[in-house]
Amino acid sequence: MNKIIRKIQFLYHRYIEEILFGNYLIPWFHNTFKKVKKKKRLDIGENVLVWNIDSLGDSTWITPVLKSLIKDPRKFKVTLIHNELCSVLFKGYENELTLIGINPKKYYTPFGINDFKSLPLKKGMYDSMIILEMGSRPADAGRLLGHYLGIQNISSTYLGRLKNICHYVAPENKDDSPEYWPMHFLKTLEPFDVEKEQAKIDLRLNQTKELDQVLIHPVVAGYGMSTKMLPLEKMKILIEFILNKTVYDIILSSGPGEERYIKNLIDMLDTKIDINRIKNVSGKLSIMDLLRVISESKAVICNDTSVLHFATNF
């Protein structure tokens with residue numbers, strides 16, 4: 001019976017919410033009745049709302065935009081709505097921004113994107129809005145929020161189906177490399193005539209003293225799938241090389257629920273190596289702990305995941 005219920009729930013979310021409402025009815029309604037005239041120049045005003053409810057790694061890419069707004073001589077009052085799990089990433093900005101952390105889950109579904117009354121925001125509070133999203137659903141949710149709040153100048157990244165209810169949409173990003181995304185997000189500032197900072201991640205964290213260690217994070221954090229990890233056989237060869245040819249110790253990490261992959265990797269290692277030089281912290285690190293370990297490491301070996309973006313900060 002439980003399998004049947006889960007199947008019905010899956011079909012409902014997939015075909016009713018995602019396809020019927022998400023792909024057709026909601027876009028049709030807004031595209032038909034709420035067309036917004038595109039503008040080449042926008043008046044940013046004084047109060048700016050920034051919307052980014054992405055995951056950990058993707059959230060780091062908005063920092064150049066935040067720095068650009070903070071350094072502008074007009075002294076904007078900036079509010080950032082972000083994924084509450086990413087709050088720790090913006091600690092260095094809390095004296096210069098108003099930070100509002102939310103649970104983003106409901107804004108990834110068509111029926112949830114109109115639930116804005118729970119947010120501590122009032123209509124007429126903001127002059128402009130900047131939407132910095134990689135995902136189509138949260139981008140569309142941000143656009144609907146902008147109109148719900150009556151914001152007159154909305155600039156957004158390209159993704160999503162409701163692009164024509166924005167006043168400015170940055171050109172489509174055709175480069176999938178992680179290095180390009182901060183540059184792409186900065187393009188949303190072009191109609192506001194704000195001087196852009198360098199397209200470099202800046203989490204405003206202190207650099208700790210480097211230790212003789214190498215961090216290896218072979219699994220894409222949060223996915224827990226073997227298809228999203230570096231080949232264990234190659235990791236085995238690499239670890240044995242580092243331990244045999246260098247003085248560096250090894251730190252092995254992963255996200256919660258992915259510990260079994262690290263255990264399998266350790267079990268594969270040659271019994272002759274000094275296992276005491278390997279520290280297994282898989283599933284045990286908080287975000288701040290992970291950032292500290294990255295900062296302390298001589299090198300970081302990882303997949304294209306949040307760990308990679310954190311490492312570029314240092």
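Trainee: Why does Phe116 count as buried?

Mentor: Phe116 has 3% relative accessibility. Buried means under 20% relative accessible area, exposed means over 50%, and partly exposed is in between (1.4 Å probe, protein chains only). The 3% is under 20%, so Phe116 counts as buried. This is a predicted model, in which local features need pLDDT of at least 70, side-chain atom pairs count only at pLDDT 80 or more, and totals for chains, interfaces and linings use all residues. Residues are numbered from 1 along each chain as its sequence is written, and side-chain values use heavy atoms, with hydrogens and water left out.

Trainee: What makes Tyr148 partly exposed?

Mentor: Tyr148 has a relative accessible area of 28%. That value is in between 20% and 50%, so Tyr148 is partly exposed.

Trainee: How many aromatic pairs does a search of the whole structure find?

Mentor: The search finds five. In one of them, the rings of Trp61 and Trp181 have their centres 6.2 Å apart and their planes at 5 degrees. Rings of Phe, Tyr and Trp (its six-membered ring) pair if their centres lie within 6.5 Å; planes under 30 degrees apart count as stacked, over 60 as edge-to-face and the rest as tilted. The centres of Trp61 and Trp181 lie within 6.5 Å and the planes are under 30 degrees apart, so this is a pair and it is stacked.

Trainee: What parts does the pair of Trp61 and Trp181 tie together?

Mentor: Trp61 lies in the loop between helix H2 (56-59) and helix H3 (63-71), and Trp181 lies in helix H5 (residues 180-186), so the pair ties together parts that are 120 residues apart in sequence. Helices (H or I, at least four residues) and strands (E, at least two) are DSSP runs, numbered from the N terminus.

Trainee: Are Trp61 and Trp181 buried or exposed?

Mentor: Trp61 has a relative accessible area of 4% and Trp181 one of 7%. Both values are under 20%, so Trp61 and Trp181 are buried.

Trainee: Why is the aromatic pair of Phe116 and Tyr148 called tilted?

Mentor: The two rings are 5.6 Å apart, centre to centre, with 45 degrees between the planes. An angle of 45 degrees is neither under 30 nor over 60, so the pair is tilted. Phe116 lies in the loop between strand E3 (98-102) and strand E4 (128-131) and Tyr148 in helix H4 (residues 136-148), so the pair ties together parts that are 32 residues apart in sequence. Trp51, Tyr107, Phe116 and Tyr148 form one aromatic cluster.

Trainee: At what angle do H6 and H7 pack?

Mentor: Helix H6 (residues 232-245) and helix H7 (residues 259-268) pack at about 55 degrees, with their axes 9 Å apart. Axes are lines fitted to C-alpha atoms, for helices over the stretch in contact, and angles run from 0 to 180 degrees between N-to-C directions. That angle makes H6 oblique to H7, since angles under 35 degrees count as roughly parallel, over 145 as roughly antiparallel, 65 to 115 as roughly perpendicular and the rest as oblique. The contact (heavy atoms within 4.5 Å) is made by Leu232, Glu233, Met235, Lys236, Ile239 and Glu240 of H6 and Tyr261, Asn264, Leu265 and Met268 of H7.

Trainee: How do you know that Ser155 is buried?

Mentor: Ser155 has 0% relative accessibility, which is under 20%, so Ser155 counts as buried. Ser155 lies in strand E5 (residues 153-156). Not counting residues up to four places away in sequence, Ser155 touches Leu42, Met129, Ile130, Ile131, Tyr168, Thr188, Pro191 and Phe192.

Trainee: What is the phi of Lys75?

Mentor: Lys75 has a positive phi of about 55 degrees although it is not a glycine. Most residues other than glycine have a negative phi. Lys75 lies in the loop between H3 and strand E2 (77-83). At 60% relative accessibility, which is over 50%, Lys75 counts as exposed.

Trainee: What makes Arg204 partly exposed?

Mentor: Arg204 has 28% relative accessibility, in between 20% and 50%, so Arg204 counts as partly exposed. Arg204 also has a positive phi of about 55 degrees.

Trainee: How many residues of the protein are there, and what percentage count as buried?

Mentor: There are 314 residues, of which 48% count as buried. The protein has nine helices and ten strands.
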